[in-house]
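Student: Could you take me on a close look at one part of this structure? I'd like to get to know the place where the ligand sits.

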Amino acid sequence: MTLHQNLIAGEWVGGDGVANINPSNTDDVVGEYARASAEDAKAAIAAAKAAFPAWSRSGILERHAILKKTADEILARKDELGRLLSREEGKTLAEGIGETVRAGQIFEFFAGETLRLAGEVVPSVRPGIGVEITREPAGVVGIITPWNFPIAIPAWKLAPALCYGNTIVFKPAELVPGCSWAIVDILHRAGLPKGVLNLVMGKGSVVGQAMLDSPDVQAITFTGSTATGKRVAVASVEHNRKYQLEMGGKNPFVVLDDADLSVAVEAAVNSAFFSTGQRCTASSRIIVTEGIHDRFVAAMGERIKGLVVDDALKPGTHIGPVVDQSQLNQDTDYIAIGKQEGAKLAFGGEVISRDTPGFYLQPALFTEATNEMRISREEIFGPVAAVIRVKDYDEALAVANDTPFGLSSGIATTSLKHATHFKRNAEAGMVMVNLPTAGVDFHVPFGGRKASSYGPREQGKYAAEFYTNVKTAYTLA
Ligand code: UN1
């Protein structure tokens with residue numbers, strides 16, 4: 001099997017190979033991927049530093065052409081790359097292809113942004129003086145991405161970083177190097193100069209740590225666990241570098257008595273279980289007012305029974321496997337904790353076998369849960385959700401906001417009054433009305449508050465906040 005190598009200073013370089021395993025079928029090896037050492041990471045940082053002066057001053061047409069070519073190739077290869085994604089991560093083929101299209105669209109968006117870079121010219125408060133406000137690239141950017149969106153999250157960090165003239169050291173999640181390798185290969189062939197983009201696949205404790213420890217990495221963007229995010233923050237404060245964190249969620253989805261039942265069930269099932277519940281925007285707390293509670297739970301049960309859990313690549317599969325054994329253990333541990341805490345496991349929650357050896361778990365729905373239980377407070381990151389019964393809208397809002405996290409928050413209602421009030425008062429970065437808490441657009445800001453996020457928003461025009469530094473220049477005319 002050919003070894004997929006790391007890219008450092010424009011050269012593909014080897015290293016120990018690690019097998020990338022298909023979670024739908026652990027006998028299937030997706031490919032061999034080189035594991036970078038701390039020395040490789042240092043060489044990658046040095047290469048990015050050396051490439052920065054030229055790339056930061058490169059012409060916007062050059063950047064536009066590379067990003068546009070990349071977008072075109074990703075979109076032209078959407079079926080193949082979507083299949084690779086589903087094979088290495090385990091979300092369904094439809095989800096894998098959809099995510100690949102989104103990655104292509106993100107590159108298209110930032111290709112366009114290269115042609116719209118602008119500053120401001122404003123009068124000084126002192127007559128005769130002009131003031132220019134411009135944005136300059138942040139420098140060498142460290143990009144660390146999680147396993148659950150193997151192509152979209154790399155795309156939404158790589159594309160703006162390049163658009164605004166930064167150079168990059170990129171460490172994708174160890175579990176899913178395939179899509180990241182493919183994007184880097186595409187960008188490299190699209191004509192990026194040597195050293196502008198360096199790929200260092202491997203362990204967080206080795207490669208990630210080398211990035212955190214380097215004074216030459218001027219900004220780090222991270223999506224992943226809260227625990228690792230805190231380490232990124234502490235190390236970044238030490239080096240006085242910019243950092244941006246997207247971490248956990250415990251997103252509420254409120255269902256009010258006046259909701260359209262089928263809209264509520266569709267949005268709740270999607271939020272809780274699609275992509276096997278492995279999204280930081282997933283909803284695992286379904287907060288339901290008492291007038292609709294029993295009808296809602298019964299309808300959820302019917303819908304869950306119809307969900308096909310199987311090989312991600314099989315047509316007809318609705319829910320693919322959990323990503324690996326340790327995540328499956330975490331999911332089943334939380335299912336046991338929920339039962340011990342006194343919640344009722346109303347549907348699912350069994351580990352099941354299929355034709356191939358994989359990490360298959362039936363989506364689990366608890367009822368009679370309270371917001372104080374650990375299953376309601378801690379992020380599980382699997383297809384496990386709990387229904388919390390409340391009296392009325394006011395209690396629903398209070399429970400929705402009673403969480404350490406604040407990424408996304410949803411409500412199902414036909415009341416304009418409650419929808420409006422919820423949009424204003426939900427303590428979250430994103431609010432969804434009659435829509436799932438997960439599944440966001442690529443051209444508008446993404447991010448949360450409280451323990452979910454830190455730093456400027458990602459995506460759309462707002463991405464410039466992180467990837468650039470503002471300069472204010474005064475000139476006596
Ligand atoms: C989405 O819900 O469409 O890691 C995106 C995550 C998020 C991305 C969610 N950063 O799950």
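Tutor: Let's start with the wider setting. The unreviewed UniProt entry puts a feature called "domain: Aldehyde dehydrogenase" at residues 15-472. Keep in mind that what you're looking at is a predicted model. In this model, the span 15-472 is 41% helix and 23% strand, and its end C-alpha atoms sit 45 Å from each other.

Now for the ligand. How many residues surround the ligand? There are 13, and Arg102, Asn148, Cys280, Thr281 and Gly439 are the closest of them. Sort that shell by character and you get seven nonpolar residues, four polar ones and two charged ones. The shell isn't drawn from just one domain, either: domain 1 (3-247 + 452-476) and domain 2 (251-433) each supply at least three residues.

Zoom in on the oxygen atoms of the ligand and you'll find the protein backbone there. At cysteine 280, a polar backbone atom is 2.6 Å from a ligand oxygen. Glycine 439 also takes part, with a backbone N or O atom 2.8 Å from an oxygen of the ligand. Then there's valine 440, where the distance between a polar backbone atom and a ligand oxygen is 3.0 Å. As for cover, the ligand on its own would expose 320 Å², and the protein buries 98% of that.

While you're here, have a look at the strands around the start of the chain. Strand β4 (residues 16-22) runs antiparallel to β5, and seven bridges join the two. They make a hairpin, with two residues between β4 and β5. One pair to find on screen is isoleucine 21, which stands opposite valine 29 in β5. Strand β5 (residues 25-35) has another partner in β1 (residues 3-4): these two run parallel and share two bridges. There, leucine 3 has glutamate 32 of β5 as its bridge partner.

Definitions and conventions. Residues are numbered from 1 along each chain as its sequence is written. This is a predicted model: local features need pLDDT of at least 70, side-chain atom pairs count only at pLDDT 80 or more; totals for chains, interfaces and linings use all residues. Side-chain values use heavy atoms; hydrogens and water are left out. A residue is near a molecule or strand if one of its heavy atoms lies within 4 Å of it. A polar contact is a pair of N or O atoms within 3.5 Å; within protein, one must be able to donate a hydrogen and the other to accept it, and residues adjacent in sequence count only if both atoms are side-chain atoms. Accessible areas come from the Shrake-Rupley method with a 1.4 Å probe; for residues, only the protein chains shown count as cover. Ala, Val, Leu, Ile, Met, Phe, Trp, Tyr, Cys and Pro count as nonpolar, Asp, Glu, Lys and Arg as charged, and the others, Gly among them, as polar. Domain bounds come from an automatic or database domain assignment. UniProt positions are given in the numbering used here, feature names are shortened, and annotations may be inferred rather than shown by experiment. Helices (H or I, at least four residues) and strands (E, at least two) are DSSP runs, numbered from the N terminus. Two strands pair if DSSP finds at least two bridges between them.
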